[in-house]
Amino acid sequence: PPATCFRMSSTVSYWIFNSARNRIALLRGGRRLYSRAATSRNLLKWRPFSPALASSALKCGSPPGGFALRKAYRHTSTEEEDFHLQLSPEQVSDLLRAGESSHKVLDFNNGVPNSVLRFESNQLAANSPVEDRQGVATCVQTNGMMFGIFDGHGGHACAQAVSERLFYYMAVSLMSHQTLEQMEEATENMKPLLPILRWLKHPGDSIYKDVTSVHLDHLRVYWQELLDLHMEMGLSIEEALMYSFQRLDSDISLEIQAPLEDEVTRNLSLQVAFSGATACMAHVNGVHLHVANAGDCRAILGVQEENGAWSCLPLTCDHNAWNEAELSRLKREHPESEDRTLIIDDRLLGVLMPCRAFGDVQLKWSKELQRNVLARGFDTEALNIYQFTPPHYYTPPYLTAKPEVTYHRLRRQDKFLVLASDGLWDMLGNEDVVRLVVGHLSKVGRHKPDLDQRPANLGLMQSLLLQRKASGLHAADQNTATHLIRHAIGSNEYGEMEPERLAAMLTLPEDVARMYRDDITVMVVFFNSDSIDTYCKEG
């Protein structure tokens, strides 16, 4: 039989595009327009828009070592005939599942299976190219597993750099003094280095193939400094996370300040430094779970108590204007005279939503340093470099990449960890995500929550009933991250799946989609309860 097609009705079209219009406010700033959302939960973190780019930059192509620019102008047509696209349920699922992946962990540690059983991930772009990145790797020297979500803004350059480099800084931080000495000796004698990481999910094709030596040089300087500390066992995990975040951010800043003759290296380093990225990284080793967060990505635990009830345990706090502790920190670090201008319209200095991030040197450097670096002959317009100094820029730095680190000792009842960029959390709450994961596991037969236990978890029961009601609309997703993304963009305010809404969100033109939602990247890590029990018993 022919597939049932969902046509974007005039009502849905009107709802999508009218919402997009209402979300965008344009602030004039010289020749550039800086768009920011007018709602309390802004979707655009920091989006420069240059009218000149639509014509001149695209004709010029990409500068040496720079990223090819896609459409830098907004879609201006809202005529319905432009969007008479039809998607069958199968086509909707194909689009949603295009970026999904899953991996079963088969490693053993001293004869005990890894405490991580498997992980599943997916990504749905709103920006073109997508600005989110993700990565999973095992630290060869310690056997710890690292999971990372990196949410870029102002371009994807910084997120790509951080996703490729941060795990190496972390792995080096955890090395013993003896291992660091072996690394240094191999480098001095031009011998192969000891293996550092085993990638299970790489962030993607490296954009730094021509400048890897520069990054290795900085990593080497870092391990030389660690050698000078003469610590036999290396840093603790908490210290390693803290040092790694801040050291990589410092190196990103220093790399563009140093004199670089190679144009490719110069252009890439500039784009990395002047774009930005928030990051959430988890390190799992046995029963020890550490999470480091800088920005507004998020990590939560799904916990099943002995009575069968499910709950959510947040492991991070969003670093933004709604975080009172973050506001207090900013006020402590700057003069009292700036108390009213640190946060304007729920943004740092009125321009950036997260209060912690890698890169974004225009909120860290002095005005003089910014002018000196940009005066070296960069084609900032072609490189799409965001040039704007906020009006109340007095005592930089205003932004930091220092992470907030949380430790949690895993227990048998800790069943899964969800890490995601804020594109997911803008659409779903923490408890919603746990309910959806549990309901999905029940539907695909991987786990059967006991609903006969008392006291009954009414939230979970409601979620399962809604999902059963919607189950006739599409075949069950096998990937948990895909299931979360489907519900994030396709559910109404009552948690019910609306096929027309889902199809409409997937058929928005790329230059309109970003007005309504952000890139969404989700990673779900499932734990091996039996292994956790064994680790606990054996100490």
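Which residue stands opposite Gln304 in S16? I looked this up at the start, and in this predicted model the residue opposite Gln304 is Trp310.

**Entry: confidence**

Before going further I checked how far the prediction can be trusted, and I noted a mean pLDDT of 81 for the protein, with 77% of its residues at 70 or more. Over residues 47-84 the pLDDT is below 50, although this stretch has 81 contacts in the model beyond near neighbours in sequence. I found another such stretch at residues 448-456, where pLDDT stays under 50 and the model has 15 contacts beyond four places in sequence. I remind myself that where pLDDT is low, the predicted coordinates should not be read in detail.

**Entry: the six-stranded sheet**

I then followed the sheet to which the opening pair belongs, and I wrote down an open sheet of six strands in the order S6-S9-S22-S21-S15-S16, with antiparallel pairing. Strand S6 (101-104) and strand S16 (310-314) stand at the edges, and each has a single partner strand, so one side of each is left without a neighbour in the sheet. From one strand to the next, the twist averages 15 degrees. As a reminder, strands of a sheet pair through backbone hydrogen bonds, either parallel or antiparallel. Strand S15 (residues 298-304) and S16 run antiparallel and are joined by five bridges.

Next I turned to strand S22 (residues 520-527) and asked how many of its residues are buried. I counted eight of the eight residues as buried, so S22 is largely enclosed by the rest of the structure. Ile520, Val522, Val524 and Phe526 point one way from S22, while Thr521, Met523, Val525 and Phe527 point the other way, and all are buried.

I also looked up the partners of S22, and I found that strand S9 (residues 116-124) is joined to S22 by eight bridges and that the two run antiparallel. Ser121 stands opposite Met523 in S22. Strand S21 (residues 414-420) also runs antiparallel to S22, with five bridges joining the two, and here Phe416 has Phe526 as its bridge partner in S22.

**Entry: helix H3 and Arg97**

In helix H3 I listed Pro89, Val92, Ser93 and Leu96 as the buried residues. These buried residues cover an arc of only 95 degrees around the axis, which puts them on the same side of H3. The general rule I keep beside this is that an α-helix has 3.6 residues a turn, so residues three or four places apart point the same way.

Which residue forms a salt bridge with Arg97? I found that the partner is Asp477, with the closest N and O atoms 2.8 Å apart. Arg97 lies in helix H3 (residues 89-97) and Asp477 in the loop between helix H13 (458-470) and helix H14 (480-490), so the pair ties together parts that are 380 residues apart in sequence. Arg97 counts as partly exposed because its relative accessibility is 26%, whereas Asp477, at 1%, counts as buried.

**Entry: other salt bridges**

My search of the whole structure finds 18 salt bridges, and I followed some of them further. Side chains of opposite charge can pair when their charged atoms come close.

I noted that the side chains of Glu184 and Arg220 meet in a salt bridge at 2.7 Å, N to O. Glu184 is in helix H5 (residues 177-188) and Arg220 in helix H6 (residues 212-228), 36 residues apart, and the pair links distant parts of the chain. I recorded Glu184 as buried at 9% relative accessibility, while Arg220 is partly exposed, with a relative accessible area of 23%.

The side chains of Arg356 and Glu326 meet in a salt bridge too (2.8 Å, N to O). Because Arg356 lies in the loop between strand S18 (347-348) and strand S19 (358-359) and Glu326 in helix H9 (residues 324-333), this pair ties together parts that are 30 residues apart in sequence. Both Arg356 and Glu326 are buried. Salt bridges that share partners join Glu326, Arg329, Glu333 and Arg356 into one network.

**Entry: Asp251**

Is Asp251 buried or exposed? I placed Asp251 in helix H7 (residues 237-257) and found Asp251 buried, with a relative accessible area of 2%. Not counting residues up to four places away in sequence, Asp251 touches Arg165, Tyr169 and His218. Asp251 and Ala273 are 22 residues apart in sequence, and their C-alpha atoms are 9.6 Å apart in space.

How values were computed. Residues are numbered from 1 along each chain as its sequence is written. This is a predicted model: local features need pLDDT of at least 70, side-chain atom pairs count only at pLDDT 80 or more; totals for chains, interfaces and linings use all residues. Side-chain values use heavy atoms; hydrogens and water are left out. Helices (H or I, at least four residues) and strands (E, at least two) are DSSP runs, numbered from the N terminus. Buried means under 20% relative accessible area, exposed over 50%, partly exposed in between (1.4 Å probe, protein chains only). Contact means heavy atoms within 4.5 Å. A salt bridge is a side-chain nitrogen of Lys or Arg within 4 Å of a carboxyl oxygen of Asp or Glu. pLDDT is the predictor's confidence in each residue, from 0 to 100. Two strands pair if DSSP finds at least two bridges between them. Axes are lines fitted to C-alpha atoms, for helices over the stretch in contact, and angles run from 0 to 180 degrees between N-to-C directions. The arc is that of the directions from the helix axis to the C-beta atoms.
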